[in-house]
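Reader: I am in my first year of study and would be grateful for a close look at a single part of this protein. Could you please take me through the sheet and what is found beyond it?

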Amino acid sequence: MSNFYEIIENSIEHNYLVKEDEKIFLFDDYNDEILIADYLKSFNSEMILDEKLVEEGIELNENEYNIKYHSLQKQAITNFFRNGISLIVGGPGTGKTTIVKAMVNMFKQYFPYNNLIVVAPTGRASKRITEICEVEAKTIHSLLKWNLETNTFVYGIDNPILYDTIIIDEFSMVDNNLFASLLKACKNIKKLCI
């Protein structure tokens, strides 16, 4: 058993593991979680839309597409425009893509000089968003320009992406490492939806 503790201590010493408050974490996972928490905690946005404009935008979308948003969908759209960080949750078929389409349309209307991108963890999801929402959508790996040979990204802390707003579709499929890699490149982001 003493050999086990020696291995743990050796792993901590060589940065394979991290020990904090008698808990042990994998080094990379620990750092990814710290980065994510720090980013979200310090996020600040000035891209806040007046509630009256949000209501008008929702109504315009309802009229243009001949639909009636559920009160929870309206709340999700409002949260996006009234906060720097927002979340959209719901199972398949609950109207998440319908919400994203409204957010994209209203963003183009109210922030015409800012740019938005929708990303997803898979090519299939990003293609679907492009078709339905008529917006630029990419995989996260494509946005960050992943190099397969070196397993590194072109975009990161020293080379941020040049977008103001990012919407992450199918976020439940994004692991902490990929999310941390994306956030490293999001220094200029003013609005984030996951």
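Author: The account below begins with the sheet and then turns to two helices.

The model is a predicted one. In it, five strands make up an open sheet, and their order across the sheet is β3-β9-β8-β4-β5. The pairing between these strands is parallel. At the edges stand β3, residues 85–86, and β5, residues 137–139. Each of these two strands has a single partner strand, so one side of each is left without a neighbour in the sheet.

Within the sheet, one pair may be examined in detail. Strand β4 covers residues 116–120, and strand β8 covers residues 165–168. They pair in the parallel sense over four bridges. As a point of reference in this pair, I117 stands opposite I166 in β8.

Attention may now pass to helix α6, which spans residues 123–133 and includes G123. The relative accessibility of G123 is 41%, and G123 therefore counts as partly exposed, since that class lies between the limits of 20% and 50%. From G123 to I140 the separation in sequence is 17 residues, while their C-alpha atoms are 9.2 Å apart in space.

A further helix, α2, runs through residues 27–42 and contains D29. With a relative accessible area of 38%, D29 is likewise partly exposed. On the surface, D29 gathers with D28, E33 and D175 in a patch of negative charge.

Technical notes
Residues are numbered from 1 along each chain as its sequence is written. This is a predicted model: local features need pLDDT of at least 70, side-chain atom pairs count only at pLDDT 80 or more; totals for chains, interfaces and linings use all residues. Side-chain values use heavy atoms; hydrogens and water are left out. Patches are made of residues with over 30% relative accessible area and no salt bridge: like charges are joined within 9 Å, nonpolar side chains (Val, Leu, Ile, Met, Phe, Trp, Tyr) within 5 Å. Accessible areas come from the Shrake-Rupley method with a 1.4 Å probe; for residues, only the protein chains shown count as cover. A salt bridge is a side-chain nitrogen of Lys or Arg within 4 Å of a carboxyl oxygen of Asp or Glu. Lys and Arg count as positive and Asp and Glu as negative; His and the chain ends are not counted. The place of a charge is taken as NZ of Lys, CZ of Arg, CG of Asp or CD of Glu. Buried means under 20% relative accessible area, exposed over 50%, partly exposed in between (1.4 Å probe, protein chains only). Two strands pair if DSSP finds at least two bridges between them.
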